[in-house]
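Student: I should like to go through this structure and ask, term by term, what justifies each label. Please set each value against its definition.

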Amino acid sequence: MRGLKVLPSGRPGRGRLYVNLPDGRAVAWYDRQTNRISVLADRHREAVLAALRPYLTGTYTVGPPPVPTPADLRRLTLPPDEDLAPNRPGEALLGELEHGSAGTRARHRLRQDLTAQQRMGDLLDSLEPDDWRVLHCVPLPGLGRIDHLLIGPAGIFCVRTLPGRRQRAAVGDLLLTVGRAEPRPDPRWIRRAAAAATRALAAPVLPALALVDASRIEVAPTVRDIRVLEPATTPTQLASVPTTLKPPDIEALFTQARNTRTWLPPRPPRARPRASAPRKTANGT
């Protein structure tokens, strides 16, 4: 069949490839992570394979779409405005830079924070082929936002990313210092954020601080509950952590975490209107 179009979906290089008819209807898709081609109508099978041939790598399987799991069904029913998965690294900072204060010093700091979050976020996104799932800019009412929420074989990590500015960084129990700048309470904040995420997901969430472009990082010996990450060593660090979550658990937690309702406080129950007492008539009835 002529006229089939192959269109990407998801993050470049890691999402699905959809095969569409000229009118835009999908007839198949190719999942690069599982190397599987799902064909919706068998009569299009040969045409689909011909259209996808330039994109196929290694041994692949062809068949009907797999039966959706409960996590798939929840994801498919999620409204777009309640889905956190499309968030880019530093999503909130992009809005602040566009509409925020015009002060030169404040905007310079925002750009540094944004660059650090984008670099760390792109690195975490690259871990998806190894069964990791990432969300960026997750709202935490009362605490701000989690820069990155990382879910994978080694567990769930709540990551706060900071620019190292090519200076020495010292991580203590309560404060973080970069160069000669004023100490920041990031260690305390990330513990509180991880505790809030643990309550929201009903699963253990570990705190982590990511320092980008620091010349040297010194971690106090008493800091044992916070994992300190650097872009160059993060994949190796995570690979060395024992496996605690299986792929179905990862997908279920990711589906739960990408829903904004997971992070919002529960709505108070509506008060039922009280029934009005019957009015008495003139004769007392």
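Student: What percentage of the contacts in the chain with a separation of 6 or more is accounted for by residues 24 or more positions apart?

Tutor: The share is 54%, where a contact means heavy atoms within 4.5 Å. Please note that this is a predicted model, in which local features need pLDDT of at least 70, side-chain atom pairs count only at pLDDT 80 or more, and totals for chains, interfaces and linings use all residues. Residues are numbered from 1 along each chain as its sequence is written, and side-chain values use heavy atoms, with hydrogens and water left out.

Student: How many helices and strands are there in the chain?

Tutor: The chain has 7 helices and 13 strands. These are DSSP runs, numbered from the N terminus: helices are H or I with at least four residues, and strands are E with at least two.

Student: Why is Asp31 called buried?

Tutor: Buried means under 20% relative accessible area, exposed means over 50%, and partly exposed lies in between, with a 1.4 Å probe and protein chains only. Asp31 has 18% relative accessibility, so the residue counts as buried. Asp31 belongs to strand E3 (residues 26–31) and touches Arg16 and Arg36, when residues up to four places away in sequence are not counted. Across the chain of 285 residues, buried residues make up 42%.

Student: Why does Ala196 receive the label buried?

Tutor: The relative accessible area of Ala196 is 14%, and therefore the residue is buried. Ala196 is part of helix H5 (residues 186–201). With residues up to four places away in sequence left out, Ala196 touches Leu140 and Leu143. The C-alpha atoms of Ala196 and Pro141 are 9.4 Å apart, although 55 residues separate the two along the chain.

Student: What makes E8 and strand E11 a pair?

Tutor: Two strands pair if DSSP finds at least two bridges between them. E8 and strand E11 (residues 205–212) have 8 bridges and run in the parallel sense, so the definition of a pair is met. One bridge sets Ile156 against Val205 in E11. The open sheet concerned has 5 strands in the order E6-E7-E8-E11-E13, with mixed pairing.

Student: Which strands of that sheet are called edge strands?

Tutor: They are strand E6 (133–140) and strand E13 (227–229), each of which pairs on one side only. Neighbouring strands of this sheet are turned by 30 degrees against each other on average, direction ignored. H4 packs on the sheet, touching E6, E7, E8, E11 and E13, and its direction makes about 150 degrees with that of E8. Axes are lines fitted to C-alpha atoms, for helices over the stretch in contact, and angles run from 0 to 180 degrees between N-to-C directions.

Student: How do you know that strand E9 pairs with E10?

Tutor: Strand E9 (residues 168–171) is joined to E10 by 3 bridges, and the two run antiparallel; the requirement of at least two bridges is therefore satisfied. Ala170 stands opposite Thr177 in E10.

Student: Which residues lie nearest the centre of the second largest pocket?

Tutor: They are Leu93, Gln117, Arg145, Asp147 and Arg160, out of 19 lining residues. A pocket is an open set of points on a 1 Å grid over the protein atoms alone, where a 1.4 Å probe fits, with protein on both sides within 12 Å along at least five of seven lines; lining residues have an atom within 4 Å of a point. Helix H3 (91–99), helix H4 (104–125), strand E7 (144–152) and strand E8 (155–163) each supply at least two residues of this lining.
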